[in-house]
Amino acid sequence: MAAFGSVACLLALVVLATGMPEEADVAVLREWRSAIERDLQAAALPGQPEDCPSGKHGKMDAWLAENCGAEEAQPTCRMFVQQTVQHFGQFEHLASDDFEHTAMGLASALDGELRELTQKSWQLGQLIAHLEGQKQAEVFSEAEVQQQVVFAHAWKAAGGSGRITVMIGAPTKPSGAILNNHRACTFFVVSKPLSMFANSEAAEANPLDEDGQPLAVAAKFSEVLERAQSLQLNAFKNSNNRWAAAHPLLTYVWLYLPSTYITMVPSSGSGPFMPEASLHGSGSIGSLPWSRMFGPHVSCASPLSLVTAGTNPATSFWCNSCEFGFWTCCPGCGRSSGWLIPIVGQFGQSIPGRMLPDRTCFGSHPSGCSNSFGRPATYLMMLAAGGQGYDAQLVNLLLDLAARSGTFSKVTFFTTTLTQLAVLGYYPNIPGWQHHGVQLMLSDDSGDMQLDIEGTPGARVLVLEMMADGLLWSLRNSGVDLNDVHSMQEYEFESVAPEWIADYILDQKGTTYQDANCQEYALNLMNRIRTHGRGLSASEPLVSTKPEVTLRFKALLVLAGLAAAAFVALQWLLIWRVTMQFRHADGGFMTKLYSTAKEVASDLRMLEAWAAKIVGEGPACNIRRAIVLVIMSQSSPVFWYVVVTEVRKRTKVAPEPLLEDATVE
């Protein structure tokens, strides 16, 4: 690795001396991008054995019971790692018996590796378009281009790709490293250029048994186990069932409170997503599971209320070729549509199809990642232009630090209370309901970070936060403590090279909050730091001990409860009055129904006349229209009734005047 670093430094000096890249350098960038695309395809095609089943709905548990004797006292299956680089240990074939606890952290670690490849491919595509002079291409600075050329030449010097395959299954021998393909499945596959691995040294051959077969060596999963318990991973759930099991009360609210499952995710960005289909009929019809929708830890959770909550039954049954109804042809539009807005959202709901996951309200969450309480005090704060997650000035600052051989030694992941919740007096301990950020502190032997702005002193700490308006980054000379934030977790490294932080930020060129909110941005950055940082040691998460619920929030809850009680009492009063009117009406059923409708209309006119005397005719009319819109947004039949009625009114043709006069005569 030392020799590889020396080669990279020499290449950097050559590129910096020659200025902008020559055609040969552009060709190397194209070759590098092609290699990354091949690695992405290799990761998507694991080959034999086939992929492991999804962990949702007990599919993985059923597979383990069938193939691994999961019900026995000593299960026969293990987690196996086949690697060509020394990523999880020294040897090619590694094993672990604790796959139940390592699966979540391992999936997060390897998913971070794949995400880096995807972002790098996107970035190189934009960079090549810029160098080719294509119209509407993103603009890259000379320093940014030079840094990517250095990485490309480092890839060419290292040569080839490394591959990591994680499988679950039974070995042919108890202590062997050879799997029985009939009792094994592929859990994850990662293939990356060697230059993009933190340790690109080739894995060594395993020791052999008496039959000449390789013996399995224990994998070093300490960092993976820590990752599974880390603060930022818990805030970004890999499993819908895990979220539901951790928040059963909110899950039951999502299920059984009318229309809550429509509004919870778009409004707050938190909550269980609509489960995957559990039934596929012969007519290509999919449906939700009819019990335990979120696994065994949320008992008796059925979708019956979703059918009876004022929406169409297609919420629970749908055609697989049109799974998301109206939004199947444009899922991005569906996720960012106005689900909370009457008519707009109601139209998307009324077309048959189940709800899209991770929905927003016009591209953001009204109670999502925005924060002004508890933010660390800074002497300089910068907001990226154009609402992007990328800032050219920040990239240049980090590349300048790298040119001076500076490194970071401490990384802090922190969360702060959302402004909206803090105003209400509510400080939730759920990380998914908090704003996320990352702080990086320079090592002792590194010089200060210095912006090219007159009068600004050097800084030792860099704070990165993704906001709805773009990347907010700030410089300061002291780190955050628990009094500044709600929760935090510190990571000590031997070194974190600033060029990798700059590379991550450069990958975000052209992306906005809709592509990665504060939680996703911080999670991906932490994954990148973990991948390329050296000598990691993590501390236990620190969580604020301040009360979660304040007196102000309790008072607001009491007021909200009184308002809800008054609203419910009014509803029952209306039901009682309509029932009495129907009961005392004369005639048959239809005559009674018609008479009751006339009485209700008369009551509404009297109510509107009373309101007009108090607030005026104009405001009273607007109140009536608002009430109609609210009712339309809650009930599909009312929505379509009002629409059809208005269309019939507007298309009705009035009689000709002459014909009317003739009729009168």
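**Touring a predicted chain**

Visitor: Which residue forms a salt bridge with Glu 490?
Guide: A salt bridge means a side-chain nitrogen of Lys or Arg within 4 Å of a carboxyl oxygen of Asp or Glu. For Glu 490, the closest N and O atoms are 4.0 Å apart. The partner on the other side is Lys 410.

Visitor: Before we go on, what kind of model is this?
Guide: Residues are numbered from 1 along each chain as its sequence is written, and side-chain values use heavy atoms, with hydrogens and water left out. Local features need pLDDT of at least 70 and side-chain atom pairs count only at pLDDT 80 or more, while totals for chains, interfaces and linings use all residues, since what you see is a predicted model.

Visitor: What is the mean pLDDT of the chain?
Guide: pLDDT is the predictor's confidence in each residue, from 0 to 100. In this chain 69% of the residues reach 70 or more, but pLDDT stays under 50 over residues 234-238. The mean for the chain is 75.

Visitor: Back to that first pair: how many residues apart in sequence are the parts that Glu 490 and Lys 410 tie together?
Guide: Helices (H or I, at least four residues) and strands (E, at least two) are DSSP runs, numbered from the N terminus. Glu 490 lies in strand S14 (residues 487-496) and Lys 410 in strand S10, so their pair ties together parts whose separation in sequence is 80 residues.

Visitor: Asp 507 forms a salt bridge too, so is Asp 507 buried or exposed?
Guide: Its partner is Arg 528, with the closest N and O atoms 2.9 Å apart. This pair links helix H16 (residues 498-507) to helix H17 (residues 518-532). Buried means under 20% relative accessible area, exposed over 50%, and partly exposed in between (1.4 Å probe, protein chains only). Because its relative accessibility is 2%, Asp 507 counts as buried.

Visitor: Which residues share a salt-bridge network with Asp 507 and Arg 528?
Guide: Let's follow the shared partners. Salt bridges that have partners in common join Asp 507 and Arg 528 into one network with Lys 120 and Asp 503.

Visitor: Which helix gives the most to the largest nonpolar core?
Guide: A nonpolar core is a set of buried Ala, Val, Leu, Ile, Met, Phe, Trp, Tyr and Cys residues joined through side-chain atoms within 4.5 Å. The largest one here has 84 residues, and those with the most contacts inside it are Trp 473, Ile 501, Ile 505 and Ile 529. With seven residues, the top giver is helix H4.

Visitor: What share of contacts between residues at least 6 apart joins residues at least 24 apart?
Guide: Contact means heavy atoms within 4.5 Å. Trp 473 has plenty to show, touching Leu 380, Asp 391 and Leu 464 among others. For the chain, the share you asked about is 75%.

Visitor: Which residue has a positive phi although it is not a glycine?
Guide: Most residues other than glycine have a negative phi. The residue in question sits in the loop between helix H14 (392-403) and strand S10 (408-417). With a phi of about 65 degrees, the one you want is Ser 405.

Definitions and conventions:
Lists of a residue's contacts leave out its neighbours within four places in sequence.
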